[in-house]
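Biologist: Could you walk me through this model, starting with its pocket and then its cores?

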Amino acid sequence: MVVIAALPFFGIVTYLLFGEANLGRKRISRMHSVVGELAHNGAGAALDAQQFRDSGHATYEHLFKVGHSISGLNPVVGNSGTLMADSNLCIANLVKDIDAAQQHVHLLFYIWLPDNNGRKVIEALKRAAARGIPVRAMADGLGSRRLISSGHWNDMRNAGVQVAVALPLVNPLLRPFAGRIDLRNHRKIVVIDGYITYCGSQNCADPEYLVKARFSPWVDTVIRFEGPIATQNQYLFVCDWMSHVKEDLSHLLEQPAQAVEQGFVAQVHGTGPTVRFSAMPEMFESIMHAARQELTITTPYFVPNESMLDALCAASYRGVKTTIVFPARNDSHIVGAASRSYYAALLESGIRIFEYSRGLLHSKTLTMDDDLCLIGSANMDMRSFDLNYENNILLVDATLTKAVYARQQHYLRHARAITLQDVDNWGVTDRLLHNAVAMLGPVL
């Protein structure tokens, strides 16, 4: 309101473009209609309270209830997971799974580049389509604009791959009526045969990420899952696909989910501007409040709301060993500056802060008390909380959580600890910059 009053024309235009989380009336109506048509219970065998107690994870039941309030998906048992060694091996495994697909292949990426890894996936999809496998590929209109405008997009279509653009860009003159341009589909979802799914921070691109090569390599964390949890990621993909394409895929959610014997409990969370407000930060905060021994977090973009900052500090104050790892160099200088404005409060509460120096740490992970892990596409910033479509998976498994924790410790070994003395040594200019930028938190 101050901007509008001080600069009427500029303020009004800015408000029309960025003032509200608006996707356009027709698009919102279509998305709500699709969600209403799809049954949330078609995602595997749900655990009841007694099963939670029998599994030994009754103490986490309240966390899964928070998760259920987000997407209506119940926690499911019978899952297995493998932490991918690095970005290139993740793509190699993905290509192998696509080549072995027998029923269908579904992909959704925020950023999909026509680079080495991006083309490997493209060729695998074309091979699958040539075998008669239904292949559906979706990419965000802004994040993947290089691929969508290239010949590779048409090549896939001509090869039999069904392609779709999530939140396509429109004429700039129509932008105020079509919704905010910065509301994006930031999800990274792969579902193969309704049984295999990938979840993590990695986009479909080389770690060298040539469009921002000076920050490379981009360091990501991805888990390959098998089991009913794949059906829950399928639910998110189907919602996004049917919101943009007139094709009914609801039958895919009715197929019985295959369970892994002695598999662990997991749950998918899908958030976005048409989902319950503040759903993702409430999930993060619930985990922070539940921590009793140790809480370790990696995130590239950190612009928390007040309640999340309080939850983090409260965890440390009650004796939880709390550690956060950020990238030393951020591809967004503005977000990087905003993140540092919170360092003093975090450090004063006893939280350990590290800055990773061997590339841009893009990993979005949280481990808690040796057996609970959260992984996915969501950053700890306002954009992931309220503006972008995101997908995370919450799981309870000591073996897989320890593997993710070991990866976090690997990042720590190549990171520099930040101290209160470091913060005190910042110049006046740096302090003013960090705090001034932090005021823009709601649009970062």
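Here is a short round of questions and answers on the pocket, the cores and one serine.

Modeller: Happily! This is a predicted model, where local features need pLDDT of at least 70, side-chain atom pairs count only at pLDDT 80 or more, and totals for chains, interfaces and linings use all residues. Residues are numbered from 1 along each chain as its sequence is written, and side-chain values use heavy atoms, leaving out hydrogens and water.

Biologist: Which nonpolar core residues have the most contacts inside the largest core?

Modeller: A nonpolar core joins buried Ala, Val, Leu, Ile, Met, Phe, Trp, Tyr and Cys residues through side-chain atoms within 4.5 Å, where buried means under 20% relative accessible area with a 1.4 Å probe and protein chains only. The largest one has 59 residues. Those with the most contacts inside this core are Phe284, Ile287, Leu295 and Leu346.

Biologist: What does Leu346 touch, leaving aside its neighbours within four places in sequence?

Modeller: Contact means heavy atoms within 4.5 Å. By that rule, the partners of Leu346 beyond those neighbours are Phe302, Leu309, Leu312, Cys313, Ile324, Ile351 and Ile353.

Biologist: Is Ser201 buried or exposed?

Modeller: Ser201 is in contact with Lys188, Asp220, Thr221, Val222, His362, Ser363, Lys364 and Gly376, setting aside neighbours within four places in sequence. With a relative accessible area of 0%, Ser201 is buried.

Biologist: How many residues are in the second, separate core?

Modeller: Val76, Ala166, Trp241 and Leu253 are among its members. The size of this second core is 35 residues.

Definitions and conventions. Buried means under 20% relative accessible area, exposed over 50%, partly exposed in between (1.4 Å probe, protein chains only).
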